[in-house]
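Please look through the sequence and the structure shown here before reading on. The paragraphs that follow take up the chains, then some of their helices and sheets, and finally the place where the chains meet.

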Amino acid sequence: MAEAAAAPQVFTRRASGLVRVMSPYSAFIYNVLTMGIIFPWTYVWAPTALEGSNLVLGIVFAFVFELPIALAYVWLATSMPRSGGDYVFQSRVFGGGFGFTVVFAFFVVWILQWVALSGWLLATLGIAPTFIGLGVTTGVGAFTDIGTWAASTTGIIVISIVNALAALVLLVTGFRNYVRFQYVMWYAILISFGIVLLLFLLNDPASATAKLDTFAGEVNGVQGFFETARAAAAEAGVNFDPPFWLLGTLLVAPIAWTSLQWATYSSEQGGEIKNANVFRSQVFIIVGSLTLTAGLLILLAVAMQKGIGEDGILVASSGYWYGVAEATIGGNVMFPNLMAMGLTGSWIVVLLIGIGFILNSFQIVCNCYIGTTRIMVAQGLDGLLPDWFARVHPRWKTPVNAHIAYFLAALPVIWGFNMVGEWARWTLGVTFANGAVMTLSALAAALLPYRARKVYEASPGAAYTVGSVPLVTVVGLLGFVFGSFMVGSFLFREELGLAYTGDAVPYYIVLGTAVFGLLVYFVMRQVRASAGLKVEYAFREIPPE
Amino acid sequence: MPLFSKKEKEKATRLFYACDIHGSEPTYRKFLNAAKFYEVDALVFGGDLMGKLLIPMVREAGGTWRARLQGQSHHIKSEEELAEFKLTMQTLGFYWQEMDPEEYASYEGQQDRIDDLFDVLAKERLAQWVTLAEERLADTPVHVYLCGGNDDTDEVLSALDETTTDRVVNAENRVVPLDDEHELLTIGYSTPTPWETPRERTDEEIGEVIEKLMPSVSDPAKTVFNFHCPPLDSGLDTCLKLDASVWPPKPVIERGQPVHYGAGSQAVADALANHQPTVGLHGHIHESRGATKYGRTPAFNPGSEYGEGVLRGLIVAIRGGEVIGHQFTSG
């Protein structure tokens, strides 16, 4: 009887297909890399756009808001381990037309903007500060000239195109090549980030100001850089002693979320035999990597407060938010890595910082391709995009057509982003669009037990309930609410994006991309129907009875 | 290309192909219902019918049962709970056996006895499936072509031979007519796997089996190759590379990422390239849904999500030895 009280072990065949659970560490790394620890916006956007906000607390809020979204993805990924991806998650729960439209419009189309942005980051956050820093520390004027060119419009466009092309070549010639390169990127970025942290921690506002004066003096040819910048910032409207603002602090969360939201981008899980270990492992990976990344972002905020003080942070931010020219160095906004370069006299340290940021910028464009081409292949196989997109190169075994299409589509976006004055304002919807996909996937997770009951009940996550309510419904709903707050903030708060422009064009563009996605769906449905094929077969469940 | 050309009078044959359902009852029922749902002329199954786990349900006092599923302990207290539990197991493709504690204890450490029990339960289920197919398709012209895969034992597959029906065709290792002009050539073996499955063969042996059957084919160009094992390095055979020196095998990680590789068969790739059949239909690697081409011959793997109760499949329309349309499905 005592033996019967313990649950009996399962009988397996040798041909069970059982696979030992992967070490969480490997997925951990990729997730941290994907979350963009180098994204500077939290530190240069929030302080003056949201005066009185507390950066550290804002990042904590972002972590808390992202947590249920990330957990919702664990349920989705372990319920549907073969398919992977928001396209299938949302199609299963909301229907194929919805899933296709949302993911095609708000990921595939809008992530083209990220291709342009990653080129911009590479140029202005990576190459420009690195060469400017090298110019100052080595005294070689040509380096400074290169850095200045890299931050110019022409420089950014050229660098962006080369960036996108290099990623294309690396990825189409085999994913293994990318994996080898990513391994190098991981360590380079950690070292670079670590050095930036250390430089801030080893300084204080007085010493930092003096060093930045010297650095800016070499680059800008001006004296008393910091004093001048501070005065200009004050004149532009920056309040250097704002009272604490709780709502403002909450609104820092969406900005920090532009990094942390990508915790779910790589959630894929291959599982032949689903089991609780796999589920628990995924929780560890996602929550673990999210916690580490949030921790690193917080550390940087604390380090900057220690190193350059609140005044320094506000001055740097004024160059970004108010466009105060005096608060830039060599035409570059004082992003954290540029300031860190100004705090060192060593060209080796400058190079190490620069390489890390250059590589993380390149990582971002790779991520753009990896995620969106997988979506396009899946949609091509389902008949919702032309078959051409799903074709695989016979030798390299990669979806080379989808990659090429994405590169070509990115070219006009790169041009527009840098050449069309209003482009950045019009396309502020990028922050909303990407976040909307994840928010809707959180809702899909919440509804999974009700809209895809059999899929849910066959999953290891079905064991977890709060009373009679599936736990996935609780975390999914929480994630949807928090996600809605954040995407809603991007839509309607002046400080955070679309509403800042004061006109309706950005909203029309967001709506327009959704309509475009819907149009593609209906056109493809019609094209397939004329060939006797029904795209609904890619989604519609056959009744078993 | 249109399925029905205005100029051509001859009707295309529409097949529905699925594979790797591994004992999942609802998925198999969907497979049978696919004939009507997708309006096809034939159902072709690509192998791997047997489930992978057997759940002992140990009886306890008071008419209750105790079992373990997905790493969780379950104490089943009512017939209603039992029915729900069995439904979940059916979806996952598992077998179950109610037993007393003494009977359970007698199985512990007795792999041969456990394997025999697997065979008994799997054969029972397959026989029931054949009967179900006959019932569901009785008033239709649709035939269902069944075969085993590498995961299936010969003992279980003997149920296909032992049950004679009008609608169910045992396609295993033979050439059978598909319609008036096309034939179906089926081979359920795979190349070696880390799990030493019952029906693995070396690549050379698979090639020999193919070439031994080819003389039975009337016209290779009008033959559908139903080969469970996909062609090597085709994109239809991409899976995790596993280190089989440990049990269970573990994914090989290099530079922080799991390594993927092609686990298919060169002999199958050569057969597609050399014989240029109408189409190649493949399974075996559940996560490798895709399409490719060998000369004029398209090859497909619809993938499998049997564990979620989802039937991944492929509709293929053929006429005159050509594929005139295809559609991946998810039902």
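In chain A, residues 24 or more positions apart account for 82% of the contacts with a separation of 6 or more. This is a predicted model, and every value given here is computed from it. Chain A is built with 24 helices and 5 strands, and its C-alpha trace spans about 80 × 65 × 45 Å along the principal axes. A compact globule of 545 residues would have a radius of gyration near 24 Å, and the 24 Å of chain A agrees with that. Of these 545 residues, 59% count as buried.

Chain B has 7 helices and 22 strands. Its radius of gyration is 21 Å, close to the 20 Å that the globule rule gives for 331 residues, so chain B is as compact as a globular protein of that length. The C-alpha trace of chain B spans about 70 × 55 × 35 Å along its principal axes, and 53% of its 331 residues count as buried. Among the contacts in chain B between residues at least 6 apart in sequence, 70% join residues at least 24 apart.

Two places in chain A can be taken in turn, beginning with a helix. Helix α6(A), residues 86-94, is mostly covered, with 8 of its 9 residues buried; these are Asp86(A), Tyr87(A), Val88(A), Phe89(A), Gln90(A), Ser91(A), Arg92(A) and Val93(A). The buried residues of α6(A) pack against five helices of chain A, namely α5 (55-79), α7 (96-109), α18 (347-381), α21 (429-451) and α22 (453-457). Just after α6(A), Gly95(A) takes a positive phi of about 110°.

The second place is Lys211(A), which lies in helix α12 (residues 205-220) of chain A. Lys211(A) has 19 C-beta neighbours inside 10 Å and therefore counts as partly exposed, since a residue is buried if 20 or more other C-beta atoms lie within that distance of its own. Leaving aside residues up to four places away in sequence, Lys211(A) touches Gly342(A) and Leu343(A). The C-alpha atoms of Lys211(A) and Leu343(A) are separated by 5.7 Å, although the two residues are 132 residues apart along the chain.

In chain B, the sheets come next. One open sheet is formed by 6 strands in the order β8-β7-β2-β1-β21-β22 (chain B), with mixed pairing. Strands β8 and β22 (322-330) of chain B stand at the edges, each with a single partner strand, so one side of each is left without a neighbour in the sheet. From one strand to the next, the twist of this sheet averages 20°. Within it, strand β1 (residues 13-18) of chain B and strand β2 (residues 42-45) of chain B run parallel and are joined by 4 bridges, and Tyr17(B) has Val44(B) as its bridge partner in β2(B).

Two strands of this sheet also meet a helix, α5 (residues 154-162) of chain B, whose buried residues pack against β7 (143-146) and β8 (168-170) as well as against α4 (111-136) of chain B. The buried residues of α5(B) are Val156(B), Leu157(B), Ala159(B) and Leu160(B). They cover an arc of only 120° around the axis, which puts them on the same side of α5(B). An α-helix has 3.6 residues a turn, so residues three or four places apart point the same way. The face of α5(B) turned away from the buried side carries the exposed residues Asp154(B), Asp161(B) and Glu162(B).

Another open sheet of 6 strands follows the order β9-β10-β11-β18-β20-β19 (chain B), and its pairing is mixed. Its edge strands are β9 (175-177) and β19 (290-294) of chain B, each of which pairs on one side only, and the twist averages 20° from one strand to the next. At the β19(B) edge, 5 bridges join this strand to the antiparallel strand β20 (residues 297-301) of chain B, where the bridge partner of Gly290(B) is Asn301(B). Helix α7 (residues 266-275) of chain B lies across β11 (223-227), β18 (279-281), β19 and β20 of chain B, and runs at about 170° to β11(B).

How many residues of each chain are in contact where chain A and chain B meet? On the chain B side there are 77 residues, in contact with 59 residues of chain A. The residues on the side of chain B that touches chain A divide into 36 nonpolar, 24 polar and 17 charged. Strand pairing also links the chains, as 2 bridges join strand β1 (residues 11-12) of chain A to strand β3 (residues 53-60) of chain B, and these strands run antiparallel. In β3(B), Leu53(B) is the bridge partner of Thr12(A).

How values were computed. Residues are numbered from 1 along each chain as its sequence is written. Chains are lettered from A and ligands numbered from 1 in the order in which they are written. This is a predicted model: local features need pLDDT of at least 70, side-chain atom pairs count only at pLDDT 80 or more; totals for chains, interfaces and linings use all residues. Two residues are in contact if their C-beta atoms, placed from the backbone, lie within 7 Å. Ala, Val, Leu, Ile, Met, Phe, Trp, Tyr, Cys and Pro count as nonpolar, Asp, Glu, Lys and Arg as charged, and the others, Gly among them, as polar. Two strands pair if DSSP finds at least two bridges between them. A residue is buried if 20 or more other C-beta atoms lie within 10 Å of its own, exposed if 12 or fewer, and partly exposed in between; C-beta atoms are placed from the backbone. The arc is that of the directions from the helix axis to the C-beta atoms. Axes are lines fitted to C-alpha atoms, for helices over the stretch in contact, and angles run from 0 to 180 degrees between N-to-C directions. The radius of gyration is taken over C-alpha atoms; the globule rule is 2.2 Å times the number of residues to the power 0.38.
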